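Please open the model in your viewer and keep the sequence panel beside it. The stops below can be followed in order, each beginning with a selection.

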Amino acid sequence: MHRRQWISIFGSLAALVCAHNAWAQSKFPDRPITIVVPSAPGGTTDFTARLIAEPLSRALGQPVVIDNKAGASGNIGNQLVAKAKPDGYTLLLAYSGYQVGNPHLFKKAGWDPIKDFAPVSMLTRAPQILAAKASLPVNNLRELIAYAKANPGKLNYASSGNGSIQHIAGELFKQLSGTSITHIPYKGAGPAVQDLLGGQVDLFFTTPASVVSHIKADKLKGLAVTSNARLTSLPQVPTTQEADFKGFALDSWFALYAPAGTPAEVVQQLNTELAKILSSADVKKKAEDAGTQVDHMGPAQLGDYTRKELEYWGRVIQSAKISAE
């Protein structure tokens, strides 16, 4: 081989080494990160995204932008992230009702909760609260059931979309209470709360963050919390257990996912920073004041939990005979 050829080969190798070193030295992130929220502003999914966005931005040294992509019961936002480049710059703030409910409710959701996403971190969880418009002539769960039975088909309830936990909660409530209440789906909790405040709908099963301030201001009525203990932010609202409505305990969870194929080191970096953020007293208090609680899980634990929840809600949806289509 001629000397000139050797020089050319070594020059090419040197260029490759330099390119590799430059790539290896580039640090994540070096540009803004987008967190896609698959629902409208104003609900607990949106609240959770905003709870972590600012401290995550400070920790990573880059802007963290929230992008609300409401519609199709969360499927639009989920599809967007599932098809995004797996580099850590587009993330999904997942709501459990969509993440583990939709796959059982839609024949073609357009995404797969296991194959299309890399778990990053569990963030928060919250029970459901049954809120009523201020003018509804009931003050607790027993009075609501009696009123609904005396007025079959008169009442309606809102949800953040077909197949959401709120939808499931409403259908289970109807089955367990023997009442007839009409379901009205919305594109997220925010629009549903606005119509509840305006009196266009009668009831709304939702996570507390969406309605805590309105109940405290007596603009809405809090009838019951679907948990075993009362909320510290709404101590006056009894639990479903206290109302002898046993077997009706539901909660929602909110977690961060990246597109499948995102480098493990990027996922771990995000999870490490989120673990620190969720352990801070300030973030814990903000979550608690909104009726939620932080609940950190790492990628592996969240992956296992997602699979178990997917199986569990499949059984619940099948038992309740709920369909979104």
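Begin by selecting T34, which stands opposite T90 in β3, and bear in mind throughout that this is a predicted model. Widen the selection to β1 (residues 33-37) and β3 (residues 90-95), and you have two strands that pair in the parallel sense over 3 bridges.

Next, bring in the rest of the sheet. The strands follow the order β2-β1-β3-β10-β4-β11 in an open sheet of 6 strands with mixed pairing. The edges are formed by β2 (64-68) and β11 (293-297), each of which has a single partner strand, so one side of each is left without a neighbour in the sheet. On average, and with direction ignored, neighbouring strands of this sheet are turned by 25° against each other.

Add helix α9 (residues 264-278), which packs on the sheet and touches β3, β4 (117-127), β10 (251-259) and β11, its direction making about 20° with that of β4. Then add helix α11 (residues 299-320), which lies across β4, β10 and β11 and runs at about 65° to β4.

With the sheet still displayed, show the side chain of R125, which is buried, with a relative accessible area of 12%. Which side chains meet that of R125 in a salt bridge? One is D251, at 3.1 Å from N to O; since D251 lies in strand β10 and R125 in strand β4, the pair ties together parts that are 126 residues apart in sequence. The other is D295, where the N to O distance is 2.7 Å, and this pair links R125 in strand β4 with D295 in strand β11, 170 residues apart. Both acidic partners count as partly exposed, D251 at 28% relative accessibility and D295 at 22%.

Move now to helix α5 (residues 141-150) and colour L141, L144, I145, Y147 and A148, which are buried. Seen down the axis of α5, these buried residues fall within an arc of 165°, so they line one face of the helix. An α-helix has 3.6 residues a turn, so residues three or four places apart point the same way. To see what the buried residues of α5 pack against, display β5 (129-133), α6 (165-177), β8 (203-206) and β9 (220-225).

Turn to the other side of α5, where R142, K149 and A150 are exposed. R142 deserves a selection of its own: at the start of the helix, a side-chain oxygen of N140 reaches to within 3.2 Å of the backbone nitrogen of R142, while the side chain of R142 meets that of D244 in a salt bridge (2.9 Å, N to O). This second pair links R142 in helix α5 to D244 in the loop between β9 and β10, 102 residues apart, and both R142 and D244 are exposed.

If you wish to survey such pairs across the whole model, the count comes to 15 salt bridges. Among the residues to select for this purpose are D30, R31 and D87, which are linked in a network of salt bridges.

For the last stop, select H214, which is placed in helix α8 (residues 212-216). Is H214 buried or exposed? At 18% relative accessibility, H214 counts as buried, because the cut-off for that class is under 20%. Leaving aside neighbours within four places in sequence, you will find H214 in contact with V193, L197, K219 and L220.

Technical notes
Residues are numbered from 1 along each chain as its sequence is written. This is a predicted model: local features need pLDDT of at least 70, side-chain atom pairs count only at pLDDT 80 or more; totals for chains, interfaces and linings use all residues. Side-chain values use heavy atoms; hydrogens and water are left out. Helices (H or I, at least four residues) and strands (E, at least two) are DSSP runs, numbered from the N terminus. Buried means under 20% relative accessible area, exposed over 50%, partly exposed in between (1.4 Å probe, protein chains only). Contact means heavy atoms within 4.5 Å. Two strands pair if DSSP finds at least two bridges between them. Axes are lines fitted to C-alpha atoms, for helices over the stretch in contact, and angles run from 0 to 180 degrees between N-to-C directions. The arc is that of the directions from the helix axis to the C-beta atoms. A polar contact is a pair of N or O atoms within 3.5 Å; within protein, one must be able to donate a hydrogen and the other to accept it, and residues adjacent in sequence count only if both atoms are side-chain atoms. A salt bridge is a side-chain nitrogen of Lys or Arg within 4 Å of a carboxyl oxygen of Asp or Glu.
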